[in-house]
Amino acid sequence: MSEEQKYSGRGAAPKPWDKTTIIGKRIPRVDAYERVSGSAVYPSDVTFPDMLYGAVLRCPWACAKVRSVDTSGTEKMEGVYAVISGWSPEAGIYWPYSKDIRMKLFDPLCRYEGEPVAAVAATTPYLAWDAIRSIKVEYDRLPFVADERKALDDGAPHVHEIGNLVTPTQVYQRGDVAKGFAEADVVLEETYRTECEIHTPMELHGCVARWDRDRLTLWESTQGVYAVQARVSEILGLPLSKVRVIGHYMGGAFGSKLQPGKYTIIAAVLAKMTARPVKLFLTREETFLAAGNRPPANMRLKAGVRKDGRLTALHFTDIGTGGAYPAGGTAFVDWLAQDLYACPNVKTELTDVYINAGPSRPFRAPGHPQGSWALEQMMDALAVAIKMDPVEVRLKNIPLYSQARPGNPPYTTTGLRECLTEGAKAFKWDEARRKTRESGKEHIRRGIGMAGALWAVGGGRPPSTVIVKIFADGSVNLNMGASDIGTGTKTIMAMVVAEELGVKLDAIQIENADTGTTQYATPSGGSKTVPTESPAVRAACISVKEQLLQMAAQDLKADVSSLMVRSEEIVSTADASKRIKISGISGLKEQGVIVGIGYRAPNPADKITNPFAAQFCEVEVDTKTGEVKILRFVGANDSGRVMDRLTYDNQVFGGITMGIGLAMTEARILDAGQTGKMLNRNWHDYKIPTALDVPAEMVSVPLDLPDPEANTTGAKGLGEPVTIPTAPAVANAIYNATGVRVTTTGMTPVQLCELFARAKQPTKQKREG
Amino acid sequence: MLPAFDYVRPKSLTDVFKHLASKGTTVKAGGTDLFGCLRDGVFQTSGLVSLNNIKELHGIADTGNGLRIGALTTITEVATSPVIRNQYPALAQAAMEVASPQLRNQGTIGGNLCQKPRCWYYRGEFHCLRKGGETCFAVTGQNQYHCILGGDGCYIVHPSDIAPALIALDARVQIAGSKGARYVPLEEFFMSPTKDPKRETVLMPDEIVAGVLLPAPSKGLRSSYRKVRARRSWDFALASVALALTMSDRRVASAHVVLGGAAPVPWRSREAEEVIAGKQLDAATITKAAEAAMSKAQPMDHNHYKLALFRGLIEEQLQAMAG
Amino acid sequence: MKKRDTSEEDKAKQGLTRRQFLTTMGVGTAAVAVSGKRQAHAAEEEAVIKAGDLTRVALNINGRRHRLMVEPRWSLLFVLRERLGLTGTKVGCERGECGACTVLINDVPRYACMTLAVEAEGAKIITVEGLMNGEELGPVQQAFLEEDAFQCGYCTPGQIMAVEGLLRSFPDPSSDQVRAAMSGNLCRCGTYTHIAKATSRAAELRRKAGGAS
């Protein structure tokens, strides 16, 4: 099959949509009813009459060797059906922490607090936890290191035998940074740190596992059912056809549910042992320890700029950690330094180290918010240093191609300039910079800040297979493997069907996220779901349409090339009297259904598709108490074509909200100097934003620049770029208000009071017109 | 998941005390703090004695010479009571700042006064001094949320918003026990770690808080409560200040300045009170009072910020009173 | 100490009416409350329920009476989801820190995870399923649909119940009241902006429907 055929099964790739009737409108979600009525069944809602509840005993120490596990009393407890530990024959299963590192499911060597040591299944979760509490474990505590900044110190305990360096420091270089700094009018250097963030999706991590002899069905809260199927079948040595994974709904993930967890395997083993379905969802506390995190970043950035605003050199370094196993502790952290702004001389150095803490998992725009925190504050500082508007400085450095990739491929589209200018316009940036907005109280200051961003992926890519089926009455079934993780995937795909086939949204039934019944899709993540799936959906629709037109041409005795679909009818463009209702087409009646298969075609060979963004905010700072109130936010995005304006805006506001969490309050706190244990493993001490922590006023500015070269729907990813520039935009606004640079995330009074006190009389930045 | 416990809901106080006499039982009011402690294994209980059916512990009543707030009155009821909002604004403001709306709907004023410390070592899997261990982990650990005043062996801060406001307003706590009732000024209700690091209050095992008594507001009484926290809802105070000043002829006739988030017990700053007593609240006096409040503070490695924060907060609140 | 207590007691007697004083001490019959709702309680008989024993409770959920056996430690959340199949109420933390399990108890939003099933007897419990009118969405649910006031939808039933509780007390809330009422429900997807809009819309829909809930 040629690449062209992949678009539609027949014929050439479709033209980009010219005018759209549904795409781009504000459309409420097609599954909103289920989600607001409470009828949607999430994996954690699944119950069976004979179901047992699983629970996991986890190592309470940062590093320890399990000497013995005594479950003798536990096994006799009422309601306890199975107890399993590293000594159980059923636990002889290996968990792949990386390509090269495989550890036992219950390995005696626990390299982080929260590593599973034993598990049980019982008739209620209460009894399961009674059972867990009754297990007696003897540990040999081992030396640990829980601060990545000390992992390479002499004498630091080794997390792995080879030491604490995951790989040798990765260096990227283009041009000559020494030369670049020599050419600069201003050179600044600063250190920055972003704290480790925890995903904490609302639905806990876990699954319900059920066997029918040798066939395993998993209802897993996941971003990708096929990814879970592949990993589980590999670990358990089962053919793919014997592992069915279902995840019709899921309650959030942000990258932490791209793959199954040890908990998935433990649930399957317990279900096998007891011959009953087992529900195993982690407790909230466990998810803080063992369900991933965003690596902390310890960055240093040296930057040179000329008076005209052109960057001459950037030198960026980062020390990060993915925890106790290889988990991308520095992945993508330098990408923005490499690629966001035009700069001929760039050097980056990434050092990924092991510490005794839970392994990271990809977290919404991996690496990018960290790098953005450094780069965007530096851009702001450079602007101040050369007395230039921070928007202007960025506009002076807009690249038209990807500088970091070999061969410097151009972007299919880049809206970075428009994000900056349109966002600034919507924010009334120039006016805000001119205005002195004193509150009347000396210690209450207002300031504005902004930041730009791109997301290194977000263009989507093969593979994806989608089936669209039209029933005899003209209604439609859409079958795709992709999970809707809350971004509106189902709604947007239904809109593509409605746009292409002219059917009403409520005539579309959707089946998704089930390896047993739906088509192949990669996990929903990387802001690639819409640009990956929507072209496949469109291709499937076109295939259906072509078959319909062929059939209609016979009924109408018309030339197929003169026919088109219009609101549930096939009409002739040549002769208006020639029309037939889809449900009246005789071929369709005879056949019962028409099936169209769509595949995601490859991306253009020599170009890169990235989304771009810019954000603007205003803050009010109480310099006496260190309190920051974020007053308003504008988010401008180039994510290609706007598919559903309603869910689009929702993503923008959600990304800003999560970015506010990173900026203001979120940080994993480890007792690094004493025990290495995590101190804030609950939602009280780990503070994510509430409704009172986000501004009442948030504005989304979608640029709606369809990207016809990227794919056949012209959409690019959105879910990740929306959270990248938020934190530095807030920090820049605080600087603008007070003259104090906050270089570590967590801008609460705990940090700010001292910074303000040290600066004594915080001075307002002069706003130059 | 909660461990197992016996459960009883007596109909009379006499029965409450009977059940509390059994070893290892625990009083349950709203339960919002208790269930967290049981879930985290902070302490164990053999049985819960629920106060929910004890009618006389509910409600807000005018005593003719002030107010009695029954121990089981919910935080929401305290926050929204018109009489409290009018006459004791500091208390209403403090109540409004507690936890989250749902927790305020369930948590009680008595429970708020008897809640366990929020120290993450105490609440976590650490056998700390307060739990009968040898050491306070905060001393050399992550102590950004710990005390700067009054620490002694244990360095928690008292978590209540309501207590500083009540102390500022001269409240007394009504304690009921099998041997009868006693009344304790709220300021003396809390146990400093110097006296006993394993107890938070003077309550004996067979006693409960029955209510809180507020004196009638004196003429010229102005009160306020202000809380600074990392997150704007659902968060304990990094620092809070309750003020109750009786103003007379533009001068401070009497002053109560009580700090939350500062010490293991709600901390009455007599140093600040002395500075402002008898004075007009001019800028110099205010600055001096704020300085005085922190004059004996002994910050730990990670909580130096509290000095600047308390100074700023006290200044801000006194200025608001003056203005 | 002893002496001091006596004098405090005297003062208190002056402060309280005699009758209130007696009731406070548990020898009277009723308290006089000038404000504050007393939590009605059906259970009249005192009985010690032993740990691990099952006891019979009758719960009034969404207007229907459910009789079942529960352990004293079982939360209302566990009973709703895992015993009665009312899985609209979600589990997020089981420690009163997220709001996913928010239900109305006597019209007031509460966390089902922090409520013992044995203490929910006698109360009117409303879950998200109870806002439905047959297959039709209630006004708050409809408003959430229209304004796209959710993403993953997992915190949504709890958010809806918090808004429902607000509107039952304040049919026409100010924007500050709305944000305050929302502040006991986390949304990790960050849809607060849309939830606030949905709350205004819900108030409008309720008014059109004649304030029916």
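Two residues are in contact if their C-beta atoms, placed from the backbone, lie within 7 Å. The exercises below use a predicted model.

**Exercise 1. The contact between chains C and A**

Find how many residues each chain gives to the contact, and describe the side that belongs to chain C.

Solution.
- Step 1. Chain C gives 45 residues to the contact, and chain A gives 45 residues.
- Step 2. On the side of chain C that touches chain A, at least two residues come from each of the helices α4 (139-147), α5 (156-169), α6 (175-182) and α7 (192-208) of chain C.
- Step 3. The largest share of that side, four residues, belongs to α4(C).
- Step 4. Sorted by kind, the residues of the side of chain C that touches chain A are 20 nonpolar, 14 polar and eleven charged.

**Exercise 2. The two faces of a helix in chain B**

Work out where the buried residues of helix α11 (residues 283-293) of chain B sit around its axis, and what they pack against.

Solution.
- Step 1. List the buried residues of α11(B): B:I286, B:A289, B:A290, B:A292 and B:A293.
- Step 2. These residues are on the same side of α11(B), because the arc they cover around the axis is only 160°.
- Step 3. An α-helix has 3.6 residues a turn, so residues three or four places apart point the same way.
- Step 4. Turn to the face of α11(B) that points away from the buried side: the exposed residues B:A283 and B:A284 are there.
- Step 5. The partners of the buried residues of α11(B) are β11 (251-260), α10 (270-276) and α12 (305-322) of chain B.

**Exercise 3. Two residues with positive phi in chain A**

For A:K428 and A:A513, give phi and the place in the chain, then decide whether each is buried, partly exposed or exposed.

Solution.
- Step 1. A:K428 is not a glycine, yet its phi is positive, about 60°. A:K428 lies in the loop between α12 (416-427) and α13 (429-434) of chain A.
- Step 2. Within 10 Å of A:K428 there are 14 other C-beta atoms. A residue is buried at 20 or more such atoms and exposed at 12 or fewer, so A:K428 is partly exposed.
- Step 3. A:A513, also a residue other than glycine, has a positive phi near 50°. Its loop runs between β21 (508-512) and α15 (529-556) of chain A.
- Step 4. A:A513 has 29 other C-beta atoms within 10 Å, and therefore A:A513 is buried.

**Exercise 4. A cis peptide bond**

Identify the residues joined by a cis peptide bond in chain A, and place A:P463.

Solution.
- Step 1. The bond between A:P462 and A:P463 is cis, with omega about 5°.
- Step 2. A:P463 belongs to the loop between β18 (444-454) and β19 (465-471) of chain A.

Key
Residues are numbered from 1 along each chain as its sequence is written. Chains are lettered from A and ligands numbered from 1 in the order in which they are written. This is a predicted model: local features need pLDDT of at least 70, side-chain atom pairs count only at pLDDT 80 or more; totals for chains, interfaces and linings use all residues. Ala, Val, Leu, Ile, Met, Phe, Trp, Tyr, Cys and Pro count as nonpolar, Asp, Glu, Lys and Arg as charged, and the others, Gly among them, as polar. The arc is that of the directions from the helix axis to the C-beta atoms.
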